[in-house]
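Q: I would like to learn how to read the folds of a protein model, feature by feature. Could we go through one together?

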Amino acid sequence: MIETDICVIGAGPAGLSPLVFIGNRDAVIFEEHRQPGIPKHCSGLIGIETLRLMRSYVGDITDASYNTILFHAFNRVYEVSYRDKFVFHINRPLLEEKLASLVEGKGHRILYASTAKPVGINTISIGSVEYQCNMILVAEGASGRFRRFFINPYPGFIVGIQYLSRIENVDVDTIYISYSEFTPGFFSWIIPLDKDTAIIGGGFDEPRVEIIEKALKRIATIYGVKPGGVNEKFGGIIPRDKPLLDPVYAGRVVFHGDSVPLTKPYTGGGLHYIFKLSKHLGEAIDNNSLSSYRRIYHSAVHKLLLEHQALSILRKISMGIPVPFITGLNKIGFFTPSDYDKHYALIFKTIPLVLGGLLHFLASPLRDHWIHRNHKQVFPT
């Protein structure tokens, strides 16, 4: 058995970023793939606050930026725009490569092609070799062995499928979103990287080929864009569960990133909360005092739980999509660039507008949608 101070499961952003702040202890990172950034699975979209946090680690790794998002929902197109760019696309493999270099520069070791399995609260195995760990940092993603072993499996998730494709007739400053029956509870997207290339994808309960093709054909038709040849296909699991109330198990195992999960319920994005919490987590581990991190974590998670609760209420009133309300905020100047990262802020901004009736100009499509859906339920044909 090999004695190790900190065992980190996974060399993605959640596993690597806290180690940038650990200088008094030694860590070994176990990564099942043979290099950082592999396989690609993230759409790579972040907001301005996440961009600032990320730059403090690795500098600028953006390769595209946007000031407009178009949403197709309730048989119409809604627009959210701002004078400045407020959404950014990052080079995700480059992010992980730079984080890996920083972590190795701190003296920590990354063992690639090493699939870790849980044995106990302080023991893991790599093949026939066991490691005894003073602490285990679990950052293996949404469907990992350690989450299932120590806590439980997620009750549900969706699968994100994306294609890097040739494209025609897109605005490079605009992200295109579509809600449809092919992506229930989620959406499909077109993310231009330049005038000739885009990421086209969606989040699917059932990632069958025919459903994916119908969803992507639908969004292309709606916006009049022309996809061409596919250069690359990639994707991954997007957890839909609420975050753990306590990320620390038995005082020795800490969960971070998608293993919590720290994903926003509307978009499935997880990088914001990873980078918002990683400095605090790393410093707490370095000082061997997780109580301080728990307090900061609970503050962040309460905001995530608010977003989950708001989404649950919206679904109960037969909508589930906050797009009309966000568009309303944008029209009256209440939308700000940081709201892309802080969905809970949009919730607080929306409440007085709804109560005051200032979104009455959006009521018709919502009312028609509600009547149509509930009429079918009460009077089936």
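Q: In which sense do E4 and strand E7 (residues 87-90) pair, and over how many bridges?

A: The general idea is that strands of a sheet pair through backbone hydrogen bonds, either parallel or antiparallel. In this structure, which is a predicted model, E4 and E7 pair in the antiparallel sense, over four bridges, and one position to look at is Thr62, which stands opposite Ile90 in E7.

Q: Which order of strands does the open sheet with E3, E7 and E4 have, and which are the edge strands?

A: This open sheet of three strands has the order E3-E7-E4, with antiparallel pairing, and its edge strands are E3 (45-47) and E4 (62-66), each of which pairs on one side only. Neighbouring strands here are turned against each other by 30 degrees on average, if direction is ignored. Helix H2 packs on this sheet, where it touches E3, E4 and E7, and the direction of H2 makes about 95 degrees with that of E3.

Q: What is the order of the open sheet of seven strands, and which strands stand at its edges?

A: The order is E6-E5-E13-E14-E15-E12-E16, and the pairing is mixed. At the edges stand strand E6 (76-81) and strand E16 (226-239); each has a single partner strand, so one side of each is left without a neighbour in the sheet. Between neighbouring strands of this sheet the average turn is 20 degrees, direction ignored. Within it, strand E13 (residues 174-178) and strand E14 (residues 188-192) pair in the antiparallel sense over three bridges, and the bridge partner of Ile177 in E14 is Trp189.

Q: Which strands of this sheet does helix H5 (residues 209-223) touch, and which does helix H8 (residues 323-331) touch?

A: Helix H5 packs on the sheet and touches strands E5 (68-73), E6, E12 (157-168), E13, E14, E15 (197-204) and E16, with a direction at about 125 degrees to that of E13. Helix H8 also packs on the sheet, touching E5 and E6, and its direction makes about 45 degrees with that of E6.

Q: How many residues lie between E9 and E10 in the hairpin that they form?

A: The hairpin formed by E9 and E10 has two residues between the strands. Strand E9 (residues 116-120) and strand E10 (residues 123-126) run antiparallel and are joined by four bridges, with Lys117 standing opposite Ser125 in E10.

Q: How many residues has the largest nonpolar core, and which of them have the most contacts inside it?

A: In soluble globular proteins, nonpolar side chains tend to be buried together. Here the largest nonpolar core has 63 residues, and those with the most contacts inside it are Phe30, Met54 and Ile124; its largest share, eight residues, comes from helix H6 (residues 271-286). Leaving aside residues up to four places away in sequence, Met54 touches Ile46, Gly59, Ile61, Ile90, Leu95, Leu271 and Phe275. There is also a second, separate core of 29 residues, which includes Ile69, Phe71, Val80 and Phe335.

Q: At what angle do helix H2 (residues 48-58) and H6 pack, and how far apart are their axes?

A: H2 and H6 pack at an angle of about 50 degrees, with their axes 9 Å apart, and that makes H2 oblique to H6. The crossing in which H2 passes H6 is left-handed. On the H2 side, Glu49, Thr50, Leu53, Met54 and Tyr57 meet Leu271, His272, Phe275, Lys276, Ser278 and Lys279 in H6.

Methods:
Residues numbered from 1 in each chain as written. Predicted model: local features only at pLDDT ≥ 70, side-chain atom pairs only at ≥ 80, totals over all residues. Heavy atoms only, no water. Pairing = 2+ DSSP bridges. Axes fitted to C-alpha atoms, helices over the stretch in contact; angles between N-to-C directions. Contact = heavy atoms within 4.5 Å. Core = buried A, V, L, I, M, F, W, Y, C linked by side-chain atoms within 4.5 Å. Buried < 20%, exposed > 50% of the residue type's maximum accessible area, 1.4 Å probe, protein only. Parallel < 35°, antiparallel > 145°, perpendicular 65-115°, else oblique. Left-handed = near helix turned anticlockwise from the far one by under 90°.
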